[in-house]
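Here are some notes on the model you sent over. They are numbered so that you can reply point by point.

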Amino acid sequence: MKCWICGGEEAATREHMSKASDLRSLFGRPTQRDPLYFHTDRRCNRRVGSLKSDVLKFDHQICLTCNSARTQPHDLAWEHISGWLRERSPQPGRWFRCNRVFPYDTRRGMRNVHLYFVKAFGCLVVEGGIALDISEFSEAILKGRPHPNLYLRFGRSPDMPVVVAGGSDVHADLVDGKVAVASWLYQVGALTVNVIYAADGEHRQGMEQAWHPKFGAKRLSYAAF
Ligand SMILES: [Zn+2]
């Protein structure tokens with residue numbers, strides 16, 4: 001199998017659908033006796049006895065270099081903002097300052113968060129056969145540049161009786177056979193990130209709260225999902 005990021009032939013590692021760091025901070029370390037439950041649109045409450053379980057990973061493989069060295073700064077940036085937002089839990093409908101999250105080189109920190117979701121969403125595009133040009137995703141990661149059409153919307157989900165983690169399917173709207181907007185929800189406890197692909201010129205409901213690195217990294221809306 002080819003690595004969709006660098007085109008290398010030895011794609012032998014699988015990216016976590018939910019970051020292991022998110023799951024560890026929510027649930028501790030699951031065991032066969034004390035498992036965690038993971039949900040997607042298709043499968044609810046899949047029993048997971050280890051953070052290394054294949055249930056938690058994308059089906060498509062990427063190479064070791066891309067999964068570790070190349071994207072590690074992106075993974076770490078996400079791990080950081082994910083922990084920060086869950087700990088501070090901003091009021092939904094308000095906003096938070098990015099330089100509180102990343103006091104040093106705020107723009108780079110936020111760009112790395114964006115690039116983390118370029119990787120995660122790219123894995124879903126490849127896996128789901130979604131009609132988007134994957135080369136735009138790989139180019140963003142290889143060059144460390146934002147994907148021009150990928151936006152993030154951060155917010156809080158309604159309180160649930162149990163702690164949940166997981167992701168929705170990607171829901172895509174086609175116009176003339178082309179993807180106009182595609183949307184994916186990633187949830188870790190009360191924190192939800194809505195990853196939105198919007199083709200040039202597309203403005204849909206919810207987009208006014210969505211963030212892209214081109215808007216700068218000053219303050220971000222925290223939506224009520
Ligand atoms: Zn690779």
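**Notes on the predicted model**

1. Start with one pairing: Gly-155 stands opposite Ala-223 in strand 11. Gly-155 belongs to the set Tyr-151, Arg-153 and Gly-155, which point one way from strand 6. Strand 6 and strand 11 run parallel and are joined by 3 bridges. Keep in mind throughout that this is a predicted model.

2. Confidence comes next. Mean pLDDT for the protein is 85. A value of 70 or more is reached by 79% of the residues. Which elements have the lowest and the highest mean pLDDT? Strand 2 (residues 36-38) has the lowest, at 63. Helix 6 (residues 134-143) has the highest, at 97.

3. The overall inventory is 6 helices and 11 strands. The protein has 225 residues, and buried residues make up 40% of them. Take the contacts between residues at least 6 apart in sequence: 68% of these join residues at least 24 apart.

4. Is strand 6 (residues 150-156) enclosed or open? It is largely enclosed by the rest of the structure, because 7 of its 7 residues are buried. In a regular strand, side chains alternate between the two faces of the sheet. Leu-150, Leu-152, Phe-154 and Arg-156 point one way from strand 6. Tyr-151, Arg-153 and Gly-155 point the other way, and all of these residues are buried. Note that two arginines, Arg-153 and Arg-156, are on that buried list.

5. Strand 10 (residues 191-198) is mostly covered as well, with 8 of its 8 residues buried. One side carries Leu-191, Val-193, Val-195 and Tyr-197. The other carries Thr-192, Asn-194, Ile-196 and Ala-198. Both faces are covered.

6. Which strands pair with strand 10? Strand 6 does, in the antiparallel sense, over 7 bridges. Strand 9 (residues 178-188) does too, also antiparallel, through 8 bridges. On the strand 6 side, Tyr-151 stands opposite Ile-196, and Phe-154 stands opposite Val-193. On the strand 9 side, Tyr-186 stands opposite Val-193. Val-193 therefore has Phe-154 as an opposite residue in one pairing and Tyr-186 in the other.7. The hairpin of strand 9 and strand 10 has 2 residues between the strands. There, Gly-189 takes a positive phi near 60 degrees.

8. Two other positive phi values deserve a look. Most residues other than glycine have a negative phi. Ser-89 has a phi near 45 degrees and lies in the loop between helix 3 and strand 5 (95-97). It counts as partly exposed, because it has 13 C-beta neighbours inside 10 Å. Asp-105 has a phi near 50 degrees. Its place is the loop between helix 4 (98-101) and helix 5. Asp-105 is exposed, with 12 other C-beta atoms within 10 Å.

9. How do helix 5 (residues 106-128) and helix 6 cross? Their axes come within 10 Å and cross at roughly 150 degrees. The two helices are therefore roughly antiparallel. The crossing is left-handed. From helix 5, the meeting residues are Leu-115, Val-118, Lys-119, Gly-122, Val-125 and Val-126. From helix 6, they are Ile-134, Phe-137, Ala-140 and Ile-141.

10. Helix 5 also packs on helix 3 (residues 72-88), at an angle of about 105 degrees and with the axes 7 Å apart. That makes helix 3 roughly perpendicular to helix 5. Helix 3 makes the contact through Pro-73, His-74, Asp-75, Ala-77, Trp-78 and Ile-81. Helix 5 supplies Gly-109, Asn-112, Val-113, Leu-115, Tyr-116 and Lys-119. Leu-115 and Lys-119 of helix 5 also meet helix 6.

11. Finally, where is Trp-211? It is in the loop between strand 10 and strand 11 (219-224). Is it buried or exposed? Trp-211 counts as buried, because it has 20 C-beta neighbours inside 10 Å. The cut-off for buried is 20 or more. Leaving aside neighbours within four places in sequence, Trp-211 is in contact with Tyr-151, Leu-152, Arg-153 and Leu-220. Trp-211 and Ser-221 are 10 residues apart in sequence, and their C-alpha atoms are 8.3 Å apart in space.

Definitions and conventions:
Residues are numbered from 1 along each chain as its sequence is written. This is a predicted model: local features need pLDDT of at least 70, side-chain atom pairs count only at pLDDT 80 or more; totals for chains, interfaces and linings use all residues. Helices (H or I, at least four residues) and strands (E, at least two) are DSSP runs, numbered from the N terminus. Two strands pair if DSSP finds at least two bridges between them. pLDDT is the predictor's confidence in each residue, from 0 to 100. Axes are lines fitted to C-alpha atoms, for helices over the stretch in contact, and angles run from 0 to 180 degrees between N-to-C directions. Angles under 35 degrees count as roughly parallel, over 145 as roughly antiparallel, 65 to 115 as roughly perpendicular and the rest as oblique. A crossing is left-handed if the near helix is turned anticlockwise from the far one by less than a right angle, and right-handed if clockwise. Two residues are in contact if their C-beta atoms, placed from the backbone, lie within 7 Å.
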